[in-house]
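Work through the following exercises with the structure open, and follow each solution step by step.

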Amino acid sequence: MTTLITDRPVCVTGAAGFIAAHLVADLLARGYRVRGTVRDPQSDKYGFLRDFPGADDRLELIGADLLDPPSFQDAVKDCEFVLHTASPYALDVKDPQRDLVDPAVKGTRAVLEACAKEGGVRRVVVTSSMAAITDEPDSERVLTEEDWNDKSSLSRNPYYYSKTLAEREAWRFVEEHEPGFDLVTINPFLVIGPSLTPEINQSNRVFIDLLTGAFPGIMSIHWGFVDVRDVARAHRLAMEVPEAAGRYICANETKSMREVVELLREQGYGDYKLPKLGLDCAAGDFMAVLSSYFYPKGTGSYLRTHIGRTPQFDHTKIRQELGLEFIPVADTIRDTTNDLIAWGHIPGR
Ligand code: NDP
């Protein structure tokens, strides 16, 4: 039998999100009491959380909004551990300051201030991102936890900017205020996998696009994949392992679009509209950069900073210090595709 490190509720902000839902399910399965924050606790759309095993007597949902700082005070009451995942995740928004940066940064500050005021909090785990490490991977350089994205702005990869500013704000807060709790960040790359929520997550959309003919051809794009179930586990381990400290790159393996398409074919999805035309060459890269100016701004700047670049990263720290073993990417890709079919997001065959 496992011994829980706390009998007090573990607070998970943004509990209904793609990653957070797995985290809530994992914590409940381990026997923890969970207090999840959602924007509107009365809404029916959180029914799926209440159906998780153990939710009946150990899950409490409470209202909190990143733009309403006092709303987090009740959320962290009596908690020793707070896992802050809530943050808007979108590449294309109308107003990047209002829609991305403000909720990400003000929300992170609000959660940390509430924890500092509460007094009994021992550790806060913040979901940061690889976006806070780089927004323009360099094929020649292996990224580590020492790297910081210093290129994004409101006009260039604004989502990346919001994540970088939010993580910087978190570290600044603990350094300046010495609040009596430690801060750990989990920095995942592209999180994919089966969804416990009916919503389609931004990152799983890649597979909808790949399987429904949205890409003009096989482009020179590479993704650093990580399974959503591993990301959830990483958050719990960051809470449970006493020595956990600092940032943790949470990414398994980089795969090119060509490799992913080949894998999907091998896995039996060859009769979907997978891209065929080989655009992963110098001429294709040139065309992709040119056409990026016709895409919505966020997607356009993502393409210009990622086409032709192969991210390389070192994930030794999370494996050694938290003992995280990654689910093989091929399994994650198969599970993601089957899950998109099961939810009806793409047709079955
Ligand atoms: P989701 O969009 O599924 O989850 C985002 C969560 O943030 C939702 O629960 C949402 O609540 C909440 N949220 C957004 N705005 C507000 C607000 N103003 N007030 C309160 N809650 C808010 O995305 P993910 O699960 O993928 O993302 C979770 C975290 O992981 C984010 O911090 C994201 O930046 C980070 N991340 C994600 C990656 C990925 O590939 N998916 C990669 C790296 C990091 P509601 O349900 O009400 O909309």
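**Exercise 1: the sheet**

Start from a single residue pair in this predicted model: isoleucine 186 has tyrosine 248, in E10, as its bridge partner. Determine which strands form the sheet, in what order they lie, and which helices pack on them.

Solution. Strand E7 (residues 182-188) pairs with E10 in the parallel sense, over five bridges. Extending outward from this pair, one finds an open sheet of seven strands with parallel pairing, in the order E3-E2-E1-E4-E5-E7-E10. Strand E3 (59-63) and strand E10 (246-250) are the edges, since each pairs on one side only. On average, neighbouring strands are turned by 20° against each other, direction ignored. H1 packs on the sheet, where it touches strand E1 (10-13), strand E2 (34-38), E3 and strand E4 (81-84), and its direction makes about 165° with that of E1. Helix H5 (residues 96-118) lies across E1, E4 and strand E5 (123-127), and runs at about 175° to E4.

**Exercise 2: the ligand**

Describe the surroundings of the ligand, beginning with its residues and ending with its polar backbone contacts.

Solution. The ligand is surrounded by 25 residues, the closest being Phe18, Arg39, Thr85, Tyr159 and Lys163. By class, the shell divides into 13 nonpolar, nine polar and three charged residues. Polar backbone atoms approach ligand oxygen atoms at 3.3 Å in glycine 17 and at 2.8 Å in phenylalanine 18, while a polar backbone atom of leucine 66 lies 2.9 Å from a ligand nitrogen atom. Of the 890 Å² of accessible area that the ligand has on its own, the protein covers 88%. Helix H1 (18-30), helix H6 (158-177) and strand E8 (190-192) are the elements that give two or more residues to the shell.

Terms used. Residues are numbered from 1 along each chain as its sequence is written. This is a predicted model: local features need pLDDT of at least 70, side-chain atom pairs count only at pLDDT 80 or more; totals for chains, interfaces and linings use all residues. Side-chain values use heavy atoms; hydrogens and water are left out. A residue is near a molecule or strand if one of its heavy atoms lies within 4 Å of it. A polar contact is a pair of N or O atoms within 3.5 Å; within protein, one must be able to donate a hydrogen and the other to accept it, and residues adjacent in sequence count only if both atoms are side-chain atoms. Accessible areas come from the Shrake-Rupley method with a 1.4 Å probe; for residues, only the protein chains shown count as cover. Helices (H or I, at least four residues) and strands (E, at least two) are DSSP runs, numbered from the N terminus. Ala, Val, Leu, Ile, Met, Phe, Trp, Tyr, Cys and Pro count as nonpolar, Asp, Glu, Lys and Arg as charged, and the others, Gly among them, as polar. Two strands pair if DSSP finds at least two bridges between them. Axes are lines fitted to C-alpha atoms, for helices over the stretch in contact, and angles run from 0 to 180 degrees between N-to-C directions. Contact means heavy atoms within 4.5 Å.
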